[in-house]
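Trainee: Please take one helix pair in this model and go through its packing closely. After that, place it in the wider setting of the two chains.

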Amino acid sequence: MRASRRQFLKTASLMSMAGVAGPFALNLAAIGAASAQAAPGYRAIVCLFLYGGNDHTNTLIPYDQPSYDQYLAARDTIAIARDQLAATATGAVASQGGREFAFHPALTSFKARWDEGKLAVVANVGPLVVPTTKTQYSNRSVPLPPKLFSHNDQQSVWQAQAPLGEGAKLGWGGRIGDLLAGQNTNVQFTCISAGGNAVFLSGQNVIQYQVGSSGPVAISGISGTLYSSASAAAAYRNLITGTSANLFENELGVITNRSITSNQLLSASLPPASTFPLPNPTSNLASQLNVVARIISARSALGTNRQVFLVSLGGFDNHDSLLTQHNQQLTIANAALNAFYGWLGQMGVQNDVTIFTASDFGRTLTSNGDGSDHGWGSHHFVLGGSVLGHEIYGTLPPTAFGTSVDVGQGNMVPGIAVDQYAATFARWLGVSDTNVPLVVPNVVNFGTSRYLAFL
Amino acid sequence: MLRHATAPDSTQRSDPGFRGYHSGVGFRNICVALFALALAYLAGGCSKSGGPHGPEGSGVDLSSVPPSAYPLPSATDAARFLNQASFGATEAEVNKVKTYGYSAWLEDQFFMPGRSHEAYINAVSASLPSGQSLDDSHVMNTFWREAATGQDQLRRRVAFALSQLFVVSLQDSTVSEFKRGVASYLDMLGRNAFGSYRQLLNEVTLHPMMGLYLSHLRNRKEDPARNRVPDQNYAREVMQLFSIGLYELNPDGTPKLVNGQPVETYDSDDIVGLSRVFTGFSWAGPDKSDTRFNGGGTQDPDREVLFMQSYPRFHSISEKRFLTGVIPAGTNADPDGDLRVALDTIASHPNVGPFISRQLIQRLVTSNPSPAYVARVAQAFDAGRFTSGLWTTGTGQRGDLRATVAAILLDTEARTAARLADPGFGKVREPILRVAHWMRSFNARSSSGNFLLGVTDDATASLGQSAMRSPTVFNFYRPGYVPPNTSIATAGLVAPEMQIVNEVSVVGYSNFMRSAVQNGLGSGTPRDIQPDYTAELALADNADLLIDRVSLLLTAGSMSAATRTIIRDAVNSIAMPATNQTTARLNRVRLAVFFTLSSPEYLVQK
């Protein structure tokens, strides 16, 4: 049941000919180009999606005294006290006019990676169709992303191409997978989610493979003796993987079949979970990253050279109890990412794997008394041995109201588009310049600054 | 009569409704509704069997309910109806529907009393050993008990559907502190399942579990001096998820297009305006002190099951502009009056009928209703009345959910067997429905009486879904979810429940059901919840008769010849010995049940 590269190309070509591929049709030339320039060795990206909309203002806090005073004035009861920030302060950042910042006090490993030059901050990144100013936003004089400030819509805008919203079908992680899957023997392990169903990993041809945080598990009913019958297990497998004229029934059979065949491959290849000891505090996120590490470590056996992973952590919609809840979630993220980076070192692939954060949106600078509300632009983090760290990319606006990017309540019109952020990862993984617009179509609207310099 | 209609369970004391109508709007509405209900009920020609009606039945005389447009159904048609209208067909209910018809069954269910989740929680709480406290599993257990054995099945099924539209979740760390509150919330949905949408929206808004979940409990007015604005959470989600949705809709649920583009129903300014309405509400109690508003001091011991009360001091007096409504700036804070205006404005939006109707159809009948189906149901919602044959139901007030539910279940698109052949018809059964169905069809009983199944979140080892434990306010799945890279997507269809079907969940479900069919479910040794296969065991010697029965109960007799062949051969692979046949019979029954429950034909409710 191995889906070889040859089969993949055949499928891709059939789908293109059948006309189901849509406006960004994958063509064989595109795959060929991507494959031809394939770098030797292994590379992967891991998206950590922070569901709910991370409060960026309390994730990277202005620290030099004048900046901090602005922050405190703006945030009032949801500001973090300055004396809690000394241990995670960045020092003066030249690209930001010498201003200083501090990571949230829970993010001690972020600070450590920053100091090592392995963690970069991308300031004020968010969905944009074209470069957009505050005035253009106010006048609606340029195309804007749909349904700003809405959770599920903005999750989809971050992760997907048009059509956006609930019916989104194409994610940019999946599109990267489409273009690079030819480098993998087992195409089904190109785009893997350990963090739940996410459109991010769905391509035109590449299918999101979901794996549990405890790793592969077998359907017990398809082997051995079933209710005293020696033949029933084979019949059971036929039954649950059968085809049907009903589209829903048929798809259930398809998924079950994929589950069985993938499980057999993974079970035979993955090292035990204990290979990568879980951190303290441990968490479901740490377990998700644990299974990702196990899959990466089986890359030779699985024949995978290019992979896109997604892991996730919820609990960031902090309308209420921001200081407490946000601290809890960031503590989990900090420990899990610290452990994962260590596991990558254990495998010798720190330079080959890049981790980045994403989230529904940033949050308002204004306080609602106990929390913050839905925003737009946000700060994000990129971690890995290949990252040109100890730097803030883009411009971190003053943490104040009425700035040149404030579209109300301190919400920021993004200075960097998600498409630019995504394009940077796509190129690093080996997608050609020509093909990057197949991954993020709107990147062509950003002229010569399609890529950011952190990779 | 009225008692049954409005108080299906015995929660009068702890029922938030009884202390929650502070605004007056609730009380007035319910009086109007009750009066109209009484008229409609009499006009419908239903008669009671006379005398006081105990909790054992609805009191409706089934034989006197006017017939719907449909003839008395066959067993398979009855089972199919019950799989949409309840947590799964049973032999007894199939016979009831066959004998009396759809309208009588619905009428009976509309007035069927039931048990209270909150009462269950209270009883458990009182019996806990000292040092132990309630946990989420207790809320799950009362849900399972009623899904499996509650006689008010239609109300339960609709309440479960409503719990996926008006989501609160024990996954939220604050909400999860209040198990009794969540049980009361589920009771509230059940109490309103056949009532008015406007009343439901009021009670959803004011229930403290929603107040905690979407953080309008303890929400304060703006304070410009400190750059503080009201929390916008509820203002946003009440419009996006609970009433009108993102885009203007035609009466058939399709988006209105202007120059080919959908038209947004609201923008950020509407959110800002509406957010000021939802300020100044917090915990109920005997006074309105600032301390109580903030959750401190001596708390009312029932606050988690009492509707929130208003605290004018914390309510915004600024202008509130949203949708078609404007509440001018004032000098006196009027939180209850502002709330009434806001909810009236939202509830009267023309989107509500198609928006709510379409999602209820998706929860009960099919993922992709035709626009005409949605339009017919929305019309019943708007008219507050539904007629089929000689039977009429509903109060005649807009937003009548009884009429809406009847319109959904008796629509030709739901009832005609011709739809079975449509490759896009039906809906993937969500895991909770599958397990509840197994419990019902095979008369599962709990030896403790408490259905100790608990939380079933883990997709790897159980169901990947627990009632009242949605990951977010966006429910377990979205009504518009399209599974990428599938023939479903190519066909332009949605499949909400497929959002939680994946390579992991198919393993978890199969292994979970194998174990359930074999050993029962829940904690304890033997396990607390045990099926009763007596009727199936009696047929086990003949594979065809056995499969007929299992197929009727689980698939409404729609099992294909190919699937039947696989299962028959597998059943017959278990030889019947000449003596001591008990084990072989049991194995055959278990195999037939497990195979059917695992078959894609079962997993899609059609």
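Mentor: In this predicted model, the pair to look at is helix α4 (residues 108–116) of chain A with helix α12 (residues 322–347) of chain A, whose axes come within 8 Å and cross at roughly 40°. Because angles under 35 degrees count as roughly parallel and 65 to 115 as roughly perpendicular, that crossing makes α4(A) oblique to α12(A). From α4(A), the contact is made by A:T108, A:S109, A:F110 and A:R113; α12(A) answers with A:N334, A:L337, A:N338 and A:Y341. By class, the residues of this contact divide into three nonpolar, four polar and one charged.

Now the contact between the chains. Chain A puts 67 residues into it and chain B puts in 64 residues. On the side of chain A that touches chain B, at least two residues each come from α6 (151–159), β7 (209–210), α8 (232–240) and α9 (247–269) of chain A. The largest share of that side is supplied by α9(A), with twelve residues. Sorted by class, the side of chain A that touches chain B holds 34 polar, 24 nonpolar and nine charged residues.

As for the partner, chain B is divided into domain 1 (218–242 + 266–348), domain 2 (352–420) and domain 3 (534–606). Taken over C-alpha atoms, the centres of domain 1 of chain B and domain 2 of chain B are separated by 33 Å.

Note on methods
Residues numbered from 1 in each chain as written. Chains lettered and ligands numbered in written order. Predicted model: local features only at pLDDT ≥ 70, side-chain atom pairs only at ≥ 80, totals over all residues. Domains from an automatic or database assignment. Contact = placed C-beta atoms within 7 Å. Helix = DSSP H or I, 4+ residues; strand = E, 2+ residues; numbered from the N terminus. Nonpolar A, V, L, I, M, F, W, Y, C, P; charged D, E, K, R; others polar. Axes fitted to C-alpha atoms, helices over the stretch in contact; angles between N-to-C directions. Parallel < 35°, antiparallel > 145°, perpendicular 65-115°, else oblique.
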